[in-house]
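Let's take a walk through this structure together, from one helix to the spaces inside and then to the place where the chains meet. Keep the 3D view open as you read.

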Amino acid sequence: MSLPVRSATLLALLGLAAASLFVGVIDMAPSQLLRDSEALKLIAISRLPRTLAVILTGASLAVAGVIMQMLARNRFIEPTTAGTGQSAALGILLATLYAPGAPLALKMGLASLTALLGSGIFLLIVRRLPVTQPLLVPLVGLVYGAIIGAGVTFLAYRADLLQYVSIWLNGEFSGVIAGRYEFLFVSGVAAVIAYLAADRFSILGLGRDASISLGLNYNQMLLLGLVVVSVITALTVVNIGMIPFVGLVVPNIASRLLGDNLRSSLPFVAASGAGLVLVCDIVGRIVRHPYEIPVGTVFGVVGAVIFLWLLYAKRPSHG
Amino acid sequence: MAERRLVWLAVGLIVAVLVFMTWGARGNWGFVFTFRGTKLLALLVVGAAIAVSTVLFQTITANRILTPSIMGFDALFLLFQAGLVFVLGGFGVTQLSSGLRFAMEFALLMGAALLLFGTLIGAARHDIHRLVLTGIIFGVLFRSLTSFIERLIDPNEFAVVQSSSFASFNSFDADLLRYCVPLCVLGISAAWHYRRELDVIALGRDHAVNLGLNHKRAVLIILIIIALLVSVSTALAGPVTFFGLLVASLAHLVVRSHRHATLLPAASLCAGIVLVGGQAITERVLSLSVPLSVAVEFLGGLVFLTLILRGTQR
């Protein structure tokens with residue numbers, strides 16, 4: 001990635017983060033920080049955690065999208081269109097039903113496990129699809145996710161948790177305060193692990209035979225990738241809810257701009273994922289001030305439009 | 001052969017209807033018959049409308065995995081509901097006479113359906129997967145826009161929107177039935193009237209033109225019928241994504257015929273059996289602990305997946 005692009009991305013992200021600190025129900029100007037201790041408290045308890053949570057979520061979801069696309073060798077999927085998100089929701093719902101008293105970490109572990117299982121099954125299905133029909137994969141993924149989603153609805157309906165589930169699955173950051181988002185740092189760590197193994201994931205994207213002949217431990221890398229994707233997805237679903245399309249549109253745009261060398265493109269992917277979610281979160285806070293529109297809803301609109309554009313726009317010839 | 005199977009389907013439907021009407025009925029028969037009879041009528045009409053519109057859609061797109069609802073149409077309906085409340089206010093909407101409201105929704109939906117399906121089919125005839133994917137993404141877009149508007153609406157008015165956004169085969173708006181039943185009957189009879197033209201369209205555009213059919217005009221008429229049936233059934237029952245797919249596949253499985261004279265009644269009968277029988281079971285055995293729409297979605301989704309996976313093996 002060239003230096004101007006890198007510094008421009010970084011600057012934009014910092015600007016957005018700063019803006020995010022000063023948008024909210026309580027009007028607050030930056031100058032108040034110097035003389036008002038209440039303002040500092042507001043930043044420390046609510047605004048800073050929220051901004052951090054948005055950045056962590058956006059960055060790690062975008063990274064999870066890239067990894068998922070490498071694993072399935074398909075540009076048009078991401079954890080929420082591959083059943084991963086729905087499987088995580090199933091896990092946390094099961095935990096809520098059968099072990100309501102369990103500590104949150106345990107519930108997240110269970111959600112990660114079901115997410116792992118769900119996306120593993122998806123990869124097995126994908127392997128049977130012909131490579132010549134790339135759009136078949138997201139189609140199958142969406143329906144697969146819908147079937148698991150029907151299972152979630154079924155369980156939630158029986159337990160009279162339908163409303164709870166639908167509110168809780170729609171991604172939003174309004175509940176984030178200090179002490180209620182720290183688990184998201186784990187998904188940040190997962191994203192960093194993905195970065196450290198970036199070269200190997202690039203090779204994985206070449207396919208099974210190619211990566212084995214290049215000396216890669218294919219199955220081990222596949223499992224690592226699945227674990228990274230599942231942990232990120234499960235933590236996001238549990239703490240924030242689902243934000244559709246982040247993992248889909250950001251990697252696609254990055255790949256158009258920078259190509260598929262993950263080692264050099266992953267930081268850009270993470271930064272633009274964080275930036276895009278920040279924008280949507282800020283928009284959601286401004287449009288209906290002093291009420292909020294969940295980021296999942298805003299991103300659903302923005303992301304769907306970008307995805308349709310990706311689907312129909314011609315790829316530039318240099319790829 | 002196919003006709004005899006049709007008779008079996010009819011017998012099955014009659015059994016389902018009898019079970020639905022009499023099982024666990026106690027007390028005043030007059031009341032039971034009116035109460036269950038209304039529901040039965042609604043179930044049969046909705047089922048037939050969805051089944052026929054799906055078969056028609058599959059014929060003009062020459063593809064067995066498509067249904068109007070997979071193409072995002074149901075979501076569009078919900079978006080209109082929310083938009084209506086947003087523009088007029090919840091009070092304004094309840095002030096509208098139900099007939100006027102229905103007429104408005106109906107006109108808007110007909111126009112939108114023609115536009116959506118027309119452009120989609122025209123633009124992406126050669127790339128079926130892209131077409132389906134576009135439809136699904138449109139569905140996501142419409143649903144997100146709907147909840148976006150829902151957030152802008154006054155919370156008190158939200159309930160007006162909320163009531164229509166979940167598929168329900170259990171409670172029907174009696175007012176709507178008055179308008180919907182005649183319209184459905186109209187649409188289904190129109191489809192029946194064109195059954196021979198449909199057989200020709202199913203051969204593909206080139207063959208149809210060669211055989212002297214005004215293909216463009218015929219497809220437009222069929223599209224209008226589809227839009228009519230889908231709008232009406234969605235207005236009555238709410239969104240169901242995979243139901244049409246489920247019953248159309250069942251019909252193909254049972255009658256193994258490509259003639260619409262058999263296919264259309266077969267799909268309608270299958271829809272009736274699934275809905276009436278399923279409703280009887282959810283009401284009596286499961287005491288409404290599982291909404292029928294959820295079970296139907298689950299099964300329909302599995303059918304869809306199998307169809308895709310099998311289609312790629314060939």
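H2(B) runs over 33 residues, and its first and last C-alpha atoms are 47 Å apart, close to the 48 Å expected at 1.5 Å a residue; that expectation is 1.5 Å times one less than the number of residues in the helix. Helices here are DSSP runs of H or I with at least four residues, numbered from the N terminus. Just after H2(B) comes Ala62(B), with a positive phi near 50 degrees.

A word on how to read all this: the model is predicted, so local features need pLDDT of at least 70 and side-chain atom pairs count only at pLDDT 80 or more, while totals for chains, interfaces and linings use all residues. Residues are numbered from 1 along each chain as its sequence is written, chains are lettered from A and ligands numbered from 1 in the order in which they are written, and side-chain values use heavy atoms, with hydrogens and water left out.

H2(B) also helps to enclose a space. The structure holds 4 cavities of 30 Å³ or more, a cavity being a set of points, on a 1 Å grid over the protein atoms alone, where a 1.4 Å probe fits but cannot get out. The largest has a volume of about 110 Å³, counted as the space filled by probe spheres set on the points. Among its 15 lining residues (those with an atom within 4 Å of a point), Ile50(B), Asp74(B), Val230(B), Ser233(B) and Thr234(B) are the closest to its centre. Helix H2 (29-61) and helix H10 (215-237) of chain B each supply at least two residues of this lining.

Over in chain A, the second largest cavity holds about 70 Å³ of space. Its lining includes Val66(A), Arg75(A), Asp260(A) and Val269(A), and helices H3 (37-72), H12 (246-258) and H13 (262-287) of chain A each give at least two residues to it.

Two of those helices are linked in another way. Arg50(A) forms a salt bridge with Asp281(A), their closest N and O atoms lying 2.9 Å apart; the term means a side-chain nitrogen of Lys or Arg within 4 Å of a carboxyl oxygen of Asp or Glu. Because Arg50(A) sits in H3 of chain A and Asp281(A) in H13 of chain A, the pair ties together parts 231 residues apart in sequence.

What about the meeting of the chains? There, 34 residues of chain B are in contact with 38 residues of chain A, with heavy atoms within 4.5 Å. The count of salt bridges between chain B and chain A is 0.

Conventions
On a 1 Å grid over the protein atoms alone, a cavity is a set of points where a 1.4 Å probe fits but cannot get out, and a pocket is an open set with protein on both sides within 12 Å along at least five of seven lines; lining residues have an atom within 4 Å of a point.
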